[in-house]
Amino acid sequence: MGTRTVLRGGVVLSMDPTVGDFDRGDVLVEDGAIVAVGRDLPTSDADVLDCTGKIVLPGFVNTHHHMFQTALRSYWADALDIDYFLQSRAGDEALFHQYTPEDVYWGEFGGALENLSAGTTTVVDTSQCSYTPEHTDAALDGIRRAGIRSVFSLSPVFGDHEPDPRYAHPDDIHRILAAESGLIRPALGYHVDEDLFRLARDLDVPMFAHVNDGNWGRVLEEFETDGLLGPAITYIHCLGLADSSWQAIERTGGKVSVSCIAEQTLAMGRPALQSALDRRLPVGFGTDAVSIAPVDFFSQMRAAYTLQRGAVDDSRTPVSTRDILHMATLGGAQAAHLDHLVGSLTPGKRADVIVLNARALNAGPLLHAPGTVLHMDTGNVETVLVDGRIVKADGRLVDVDVNGVLDALAKSAEGLLRRSGARSILLTSCRAS
Ligand SMILES: [Zn+2]
């Protein structure tokens, strides 16, 4: 493929109102950037990707993930939040404490590939496994090798909201900031911690903070008084917040990330999507960990859509499928602090683009593009570009030994479970006594 490529003749949902949509349009990509979107673009010298019968849109943006957990897939699918927190991190035997840098690497690499294959081109990865700088480097290696765009939200302290001195490496952010470039943007996380908020503010890096309940919302209000809140902060979950806490977020330009499936699976409360929408806050979807919930965005979008439509009353305009697509793309990019680069098919932005096959039994005939996207699944994700590079073509990841990755993840899972002394739950449940 040359440096100029045209995605030709697809149904284009640009997600940019100034660019508009096209029932048959072209997207021209040059040197990794989108240079034009329109009908019948003059592109005689460009490589052509025929998108007839396909839907072309920006890649999805996942604003909350913990990819290191990929080897623990579905382990906590039955968990309530107390099960998850106790089994994952309480005590030296807990599963998270068994992670070696190699486990982190395979989790991040496999998780990034899974996201790419599902059409998610940007992921905010909160590294709750940065026990040592070597663990952090392994995470970054896995992300880098997969070729996904990422905000790496370094969590330099770890514990159940109480910093664990064994894992405290706040200075590591300086090393990462000095070394990182390309598709990975450093940030800080993961909870409402004064030192972390102060560090993020002083370094001018984004902060991704888990706000799991109203008590942490009250702490945010105190932080506002101390000048620690600002537009570079994304608040994850935001469950059960008081109006005064929402007002603190709104006044200071905060962004919101909701994880509809994981939050409801863990019975943490009703997702805060409506509260964010009422205040017109930028809001994106997150998946949280694949140990709890699926991380494909078709599942996420349907979960959010049905959650909102299930609560429709006469006082509000119901969300539309296009509203949901906005949150999955541009809204997510805003919540990831990357909307100047991605989230819409806008000339000048980087070419993170997905092509969805609508010539399929679950998608044809194509009558309503946004609705059809919400009714698709990962099997419709045919082509994926990140920064103009094709990472998935003809429905397959390019140059990836998928079976090799699966074998490495299975080996990692076996080691994690064995070292923690966890029992097999293949045919039972994490809640079985
Ligand atoms: Zn999380």
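**Salt bridges, a zinc site and surface features**

In total, 23 salt bridges are counted in this structure, which is a predicted model. A few of these pairs make a good starting point for a reader new to the fold.

One salt bridge joins the side chains of arginine 431 and aspartate 83, with an N to O distance of 2.7 Å. Aspartate 83 belongs to helix α1, while arginine 431 sits in the segment after α13 (402–420), so this pair ties together parts of the chain 348 residues apart in sequence. The two partners can also be set side by side by their accessibility. Arginine 431 has a relative accessible area of 47% and is partly exposed, whereas aspartate 83, at 13%, is buried. The value for aspartate 83 is 13%, and buried means under 20%, so this residue is placed in the buried class.

Another salt bridge is found between arginine 175 and aspartate 172, whose closest N and O atoms are 2.6 Å apart. Here both residues belong to helix α4 (residues 172–179); they are three residues apart, and so about one helical turn separates them. Arginine 175 is partly exposed, with a relative accessible area of 34%, and aspartate 172 is buried at 8%.

Glutamate 224 and arginine 251 also form a salt bridge, and their closest N and O atoms lie 2.9 Å apart. This pair links distant parts of the chain, with glutamate 224 in helix α6 (residues 214–225) and arginine 251 in helix α7 (residues 243–251), 27 residues apart. Glutamate 224 is partly exposed, its relative accessible area being 22%, while arginine 251 counts as exposed at 55%. Salt bridges also link four residues into a network, made up of Arg149, Arg350, Asp352 and Asp387.

Attention now turns to the metal site. A zinc ion has three histidines as its protein donors: the NE2 atoms of His64, His66 and His210 lie 2.0 to 2.1 Å from the ion. Along the chain, the donors of the zinc ion are spaced as H-x1-H-x143-H. Histidine 64, in strand β6 (residues 60–65), and histidine 210, in strand β10 (residues 207–211), are 146 residues apart, and the pair links distant parts of the chain. Histidine 64 is buried, with a relative accessible area of 0%, and histidine 210 is likewise buried, with a value of 5%.

The surface offers a further feature to look for. Leu80, Ile82 and Leu86 make a nonpolar surface patch of about 250 Å². Of these residues, leucine 86 can be located in helix α1 (residues 81–89), the helix that also holds aspartate 83. Leucine 86 counts as partly exposed, with 49% relative accessibility.

The last stop is a loop. Proline 318 is found in the loop that runs between α10 (297–309) and α11 (321–335). At 35% relative accessibility, this proline counts as partly exposed. The C-alpha atom of proline 318 is separated by 7.3 Å from that of glutamine 308, a residue 10 places away along the chain. Leaving aside residues up to four places away in sequence, proline 318 touches Arg309, Val312 and Asp323.

Notes
Residues numbered from 1 in each chain as written. Predicted model: local features only at pLDDT ≥ 70, side-chain atom pairs only at ≥ 80, totals over all residues. Heavy atoms only, no water. Donors = N, O, S within 2.8 Å, 3.2 Å for Na, K, Ca; no water. Helix = DSSP H or I, 4+ residues; strand = E, 2+ residues; numbered from the N terminus. Buried < 20%, exposed > 50% of the residue type's maximum accessible area, 1.4 Å probe, protein only. Contact = heavy atoms within 4.5 Å. Patch = residues over 30% accessible without salt bridge, like charges linked within 9 Å, V, L, I, M, F, W, Y side chains within 5 Å. Areas by Shrake-Rupley, 256 points an atom, 1.4 Å probe, with all protein chains shown as cover.
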